[in-house]
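Trainee: Please take a close look at the interior of this model, beginning with its empty space and moving on to the packing around it.

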Amino acid sequence: MAAASRPIEKRKGRQMATRRGGSLPTIISLVVVIILAMAGFITSVVFFSQSDRYKNDLEAVQAQYDSIINRGELDDERVVAAQRASGNESVVSALIAQNRQLKELIAGTPDAVHQDVLDRADQRGIGGGSLIAQIGRLSTRVDSLQNDLDQQVALREAAQADATNEANRVQTIRTGFEEAVSSAQSEINSYGGGVDDLRRRVDEFVQTVLTERDEERALYDRLIDERDRELAEANQNALVLRDQIARLRGEGNISGIRPPDEYALIDGRVVGRDTSDGQVLIDLGADDKVQIGQIFSVYSEAADLRPDPRTGEYAPGKAAIEVIRVDRNGARARVIRSSRGNPVVRGDLIASPVYDPNKVYRFVVYGNFDVNGDGVRSELERLELATLIRRWGGEVQDDIAGDTDFLVLGEKPVLPPAPGQLAPPEVVEHYVLLDRKVAEYDRLLREARASSLPVLNENRLRTLIGAFPE
């Protein structure tokens, strides 16, 4: 069975092999056809796919082309002219180059934005017209301004020429002035010797006059002193005679010739009376520091000045007098109060609780004075006034202090205009000195007013000390 079955299987194998060998070309052909069909299909798909892409690209290129220039503008003569003018370049490149050239010309930079160029043109006032027209107008204006400038230059040159001529004229005048000043200075120098000689002679004459005046004043003072002594002796003799007559008549001793009590405040005596005008003479004068306006009480005798033992007060005098004129060794006073039936007579005693001949008054003297009466006020005459105060018994201080009694001010120094920068040094120094003196004058007056210090002029000072010019 097994052997019989093997040949049968071999035959089946050969048959199957025969069948396979006859159908192989057919299969190959079929496979080729299928491959070709698939290739064609794929090719068709690829072709249609590429066709759609190319079509889309073509439409995009056409749209871009139309955005640059449409088909209707191709025949425009301006486009044709631009094509001819572009040469080997494209029209767009040529237009871009021309646009950059115009921007460079207008805005100064080829990369300027078109709207910026228009805005800058509007800012310059040329947005409504052509640039060439505006340039023409500006050129005309520039020409006009140039003409004006030429005229102004001509005027300036003319003014400069006038200024040069004027400077030359001023220089000529200055030269003449300097020559005149030099000539005048020479004449002044020539007169200097004569002036110095004249000043020396005047000083000698003044010194002679002052010496004679001092001698005459000394003689006058001696005569006054002798007269006062004689008058005092006569008054004393008269009182003695009155006392003798009173004793002979039984009236007792006159207390006026008795030594005064220790507590009696007797300052002076009445040495004379003028009944016609109600004035009296007292034996106190400028040497005793009696002042005009000073008031004295009048007593008949020293016993009247005895204080009341109960109250300790002094009795009022029988009269009161006010000094109206002061001489050196005496004074004239007017009677301002008197008792009926008890008039002021020669030999009466005078006293004042505020009068103190030992009081030393202190003065500050500043300013320009005319002590010699020549009409010229100067600072040097302040020294003469200070000497007059010292002779009277006062004290002259350099500055206001707590014990200063009076400030005597003369004429304020006159401050001239401030010198210029080219002024000589001596002129500047003189101005600075005067400025300091004016400031010192103002300071003294300000301090005196702040402290209520009495301020006197020369006349009031003389009235105070009783020293009037002769």
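Mentor: On a 1 Å grid over the protein atoms alone, a cavity is a set of points where a 1.4 Å probe fits but cannot get out, and lining residues have an atom within 4 Å of a point. Points are joined across faces, edges and corners, and a volume is the space filled by probe spheres set on them. The model is predicted: local features need pLDDT of at least 70, side-chain atom pairs count only at pLDDT 80 or more, and totals for chains, interfaces and linings use all residues. Residues are numbered from 1 along each chain as its sequence is written, and side-chain values use heavy atoms, without hydrogens and water.

The whole structure holds 1 cavity of 30 Å³ or more; the volume of the largest cavity is about 40 Å³. Its lining consists of Y366, G367, N368, E379, R382, P413 and K437.

As for packing, the largest nonpolar core (buried Ala, Val, Leu, Ile, Met, Phe, Trp, Tyr and Cys joined through side-chain atoms within 4.5 Å; buried means under 20% relative accessible area with a 1.4 Å probe, protein chains only) has 34 residues, and F296 and F363 have the most contacts inside it. The largest share, 5 residues, comes from α6, a helix being a DSSP run of H or I of at least four residues, numbered from the N terminus. Beyond four places in sequence, F363 touches residues including I389, W392, F406 and L464, where contact means heavy atoms within 4.5 Å. Another core, of 10 residues, lies apart from the largest one, with V364 and L407 among its members.

Notes:
On a 1 Å grid over the protein atoms alone, a cavity is a set of points where a 1.4 Å probe fits but cannot get out, and a pocket is an open set with protein on both sides within 12 Å along at least five of seven lines; lining residues have an atom within 4 Å of a point. Buried means under 20% relative accessible area, exposed over 50%, partly exposed in between (1.4 Å probe, protein chains only). Helices (H or I, at least four residues) and strands (E, at least two) are DSSP runs, numbered from the N terminus.
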